[in-house]
Amino acid sequence: MRVEDHVIEGPEGPIPIRVYWPDTGSAGDRPLPVTVFFHGGGFAVGDLDTHDVTAREHAAAADTLVVSVGYRLAPENPYPAAVEDAWAATRWVSENAGRFGADASRLAVAGDSAGGNLAAVVSHLARDNGGPHVSFQLLWYPATMWDSSLPSYTENAEAPMLDQTAMEAFTTWYAGHMDLENPPATLAPGRASDLSGLPPTYIAVAEHDPLRDDGVHYAERLTEAGVPVELHNA
């Protein structure tokens with residue numbers, strides 16, 4: 001697979017990105033769709049390397065150009081730093097897709113966990129700012145609600161991959177300065193007042209995950225708003 005590292009200008013300095021071409025090549029006889037991917041890690045860990053295989057899998061399985069984004073991390077850079085970088089990168093990809101043989105009119109966003117949050121937030125920002133047009137959002141066990149009263153938080157307080165202690169630490173580092181009783185949509189997209197007009201969505205959640213009900217509730221709210229949604233609970 002062809003892979004290139006680049007650096008783009010962000011709101012507070014350079015943002016590293018990594019571009020992946022599927023085996024179909026850079027363009028062939030048609031431009032590729034493009035997917036902007038945001039890695040997970042509680043907004044505090046992870047980078048282009050930890051999610052290199054995941055980005056490759058998305059490019060290969062979906063036959064799409066993938067642009068993975070190395071956004072700023074907490075606790076050194078708390079909310080809204082990651083959002084600012086994710087939004088800047090998405091706009092940059094939309095404006096520069098053609099140089100990579102991709103079609104900006106077929107732009108998707110994707111991410112896992114914290115990255116799923118950022119993908120959802122970017123979809124809100126694109127809708128509210130008149131573009132760039134997001135055709136699809138692919139959300140893997142996304143953090144959308146910031147509501148620890150949801151049953152999955154209690155049921156999976158001692159989950160092997162992500163437990164309550166880790167959740168509390170990530171929350172403190174990224175959003176400890178925020179009012180989580182009334183968070184903005186750019187922090188908790190699942191609690192936004194208006195979810196209409198968002199792109200078609202695929203959400204996958206895991207049964208033994210504190211974030212399970214985040215994804216389930218977001219899928220329910222999107223459906224109520226008339227957004228096409230497919231939800232898988234594994």
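Which residues point one way from β4, and which the other way? Keep in mind that this is a predicted model, and let's start with that strand. L65, V67 and V69 point one way, V66 and S68 point the other way, and all of them are buried. That fits a general pattern: in a regular strand the side chains alternate between the two faces of the sheet. Strand β4 covers residues 65–69, and 5 of its 5 residues are buried, so to speak of it as mostly covered is fair, with buried meaning under 20% relative accessible area.

Now look at who sits beside β4. On the one hand there's strand β2 (residues 13–20), which runs antiparallel to β4 and is joined to it by 4 bridges. Here Y20 stands opposite V66. Then there's strand β3 (residues 32–38), which pairs with β4 in the parallel sense over 5 bridges. In this pairing, F38 stands opposite V69. Helix α1 (residues 52–62) joins the picture too, as β3, α1 and β4 make a right-handed β-α-β unit.

Let's step back to the whole sheet. It's an open one with 8 strands and mixed pairing, in the order β1-β2-β4-β3-β5-β6-β7-β8. The edges belong to β1 (3–10) and β8 (229–233); each has a single partner strand, so one side of each has no neighbour in the sheet. Ignoring direction, neighbouring strands are turned by 20 degrees against each other on average.

Finally, some helices on the sheet. Helix α6 (residues 212–224) packs on it, touching β6, β7 (201–205) and β8, and its direction makes about 155 degrees with that of β7. Helix α3 (residues 114–128) lies across β3, β5 (102–112) and β6 (136–140), running at about 140 degrees to β5.

Methods
Residues are numbered from 1 along each chain as its sequence is written. This is a predicted model: local features need pLDDT of at least 70, side-chain atom pairs count only at pLDDT 80 or more; totals for chains, interfaces and linings use all residues. Side-chain values use heavy atoms; hydrogens and water are left out. Buried means under 20% relative accessible area, exposed over 50%, partly exposed in between (1.4 Å probe, protein chains only). Helices (H or I, at least four residues) and strands (E, at least two) are DSSP runs, numbered from the N terminus. Two strands pair if DSSP finds at least two bridges between them. A crossover is right-handed if, with the strands pointing away from the viewer, the path from the first strand over the helix to the second runs clockwise. Axes are lines fitted to C-alpha atoms, for helices over the stretch in contact, and angles run from 0 to 180 degrees between N-to-C directions. Contact means heavy atoms within 4.5 Å.
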